[in-house]
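Visitor: Hey, I've just opened this one and don't know my way around yet. Could you walk me through it?

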Amino acid sequence: MEGEYIIQLTMRQTHILEIIQSLGPITGNQIAEKLNLSRAALRSDLAILTMSKLIGAKPKVGYYFIGQDLQKLKTMSFDTILVGDAHSLPIVVKENSSVYDAIVTLFIEDVGTIFVVSEGNFLEGAISRKDLLKAAMGGKNNNELPVSIIMTRMPKIILTTPEESVLSAAQKLLYHQVDALPVVKAVKEGENTKFQVVGRFTKTNIARLFVQLAES
Ligand code: ADP
């Protein structure tokens, strides 16, 4: 949205930044002239922009733009960033894998949720940490027990796609009280739609984005 910044610039700071981006290097006096303001009135705005490393100042040269691409800054917020820009690699096991193998995968890959796929990487189910803990406490032979017995299966799996907004996917995580969503691409097969797993969207992805946005 025009004029909306995640780093909360005022309208005037935004305007100054735009002037510097398009005309810089430019002196404080020239900026003041363009805005019909006194040089003194701009001092604090220029200081804020310099401190936040969006602009730099060189004596005798003037102010120049060093911030991220302005267009990108304007649009960086949770409802405009897409899952496709934020997700992690999917960690999957095959349906006939054992519960034991899934537990090993959980440790080796350092993830909380594993997705279960059939040939061609099509989503069949999901297994969480607690699903595996429950199975491990069940006392059965985990080497023999296939994950398909304990997984939550399709069509009960809550999905996301690379095109969905991060905000909407985060709402799904909270609403459905799960830690991870498979990122999928729909593939039509006659009447049926199957879902190829292309990623994993987790609470960690949201925390990372939150920090990136806060620090930008
Ligand atoms: P945990 O069980 O370790 O607390 P979750 O809260 O993610 O982890 O999982 C809760 C339950 O939901 C588990 O039984 C799991 O199989 C299932 N589950 C995990 N991810 C999804 C998902 N994306 N959609 C539907 N169910 C899921």
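Guide: Sure, let's begin at a loop: proline 155 sits in the stretch between strand E6 (152-153) and helix H8 (166-176). Keep in mind that this is a predicted model.

Visitor: And the peptide bond from methionine 154 to proline 155, is that cis or trans?

Guide: That bond is cis, with omega near 5°.

Visitor: Okay, what about the peptide bond from glycine 24 to proline 25, cis or trans?

Guide: Cis as well, and there omega is near 0°. Proline 25 belongs to the loop that links helix H1 (11-23) and helix H2 (28-35).

Visitor: While we're around there, what's phi of asparagine 36 like, positive or negative?

Guide: Positive: phi is near 60°, and asparagine 36 is a residue other than glycine. You'll find asparagine 36 in the loop between H2 and helix H3 (39-51).

Visitor: Let me zoom out. Which domains does the protein chain have?

Guide: The domain assignment gives domain 1, covering 11-80, and domain 2, covering 83-210.

Visitor: How far apart are the C-alpha centres of those two?

Guide: The centres of domain 1 and domain 2 are 45 Å apart.

Visitor: Now the ligand. Which pocket does it take up?

Guide: The ligand's space is the largest pocket.

Visitor: Which residues come nearest to the ligand?

Guide: There are 15 residues around the ligand, and the nearest are Ser128, Asp131, Thr152, Ile158 and Asp179.

Visitor: What mix of nonpolar, polar and charged residues is in that shell?

Guide: Seven are nonpolar, three are polar and five are charged.

Visitor: And which elements each supply at least two residues of the shell?

Guide: Strand E5 (122-128), helix H6 (129-137) and strand E7 (180-189) do.

Visitor: Where do the ligand's nitrogen atoms meet polar backbone atoms?

Guide: One such contact is at isoleucine 158, where a ligand nitrogen is 2.8 Å from a polar backbone atom. At alanine 180, a ligand nitrogen is 2.9 Å from a polar backbone atom. There's an oxygen contact too: a ligand oxygen lies 3.3 Å from a polar backbone atom of glutamine 177.

Visitor: So how much of the ligand's accessible area does the protein cover?

Guide: On its own the ligand has 540 Å² of accessible area, and the protein covers 82% of that.

Technical notes: Residues are numbered from 1 along each chain as its sequence is written. This is a predicted model: local features need pLDDT of at least 70, side-chain atom pairs count only at pLDDT 80 or more; totals for chains, interfaces and linings use all residues. Side-chain values use heavy atoms; hydrogens and water are left out. Domain bounds come from an automatic or database domain assignment. A residue is near a molecule or strand if one of its heavy atoms lies within 4 Å of it. A polar contact is a pair of N or O atoms within 3.5 Å; within protein, one must be able to donate a hydrogen and the other to accept it, and residues adjacent in sequence count only if both atoms are side-chain atoms. Accessible areas come from the Shrake-Rupley method with a 1.4 Å probe; for residues, only the protein chains shown count as cover. On a 1 Å grid over the protein atoms alone, a cavity is a set of points where a 1.4 Å probe fits but cannot get out, and a pocket is an open set with protein on both sides within 12 Å along at least five of seven lines; lining residues have an atom within 4 Å of a point. A molecule sits in a cavity or pocket if more than half of its atoms lie within 2 Å of its grid points. Helices (H or I, at least four residues) and strands (E, at least two) are DSSP runs, numbered from the N terminus. Ala, Val, Leu, Ile, Met, Phe, Trp, Tyr, Cys and Pro count as nonpolar, Asp, Glu, Lys and Arg as charged, and the others, Gly among them, as polar.
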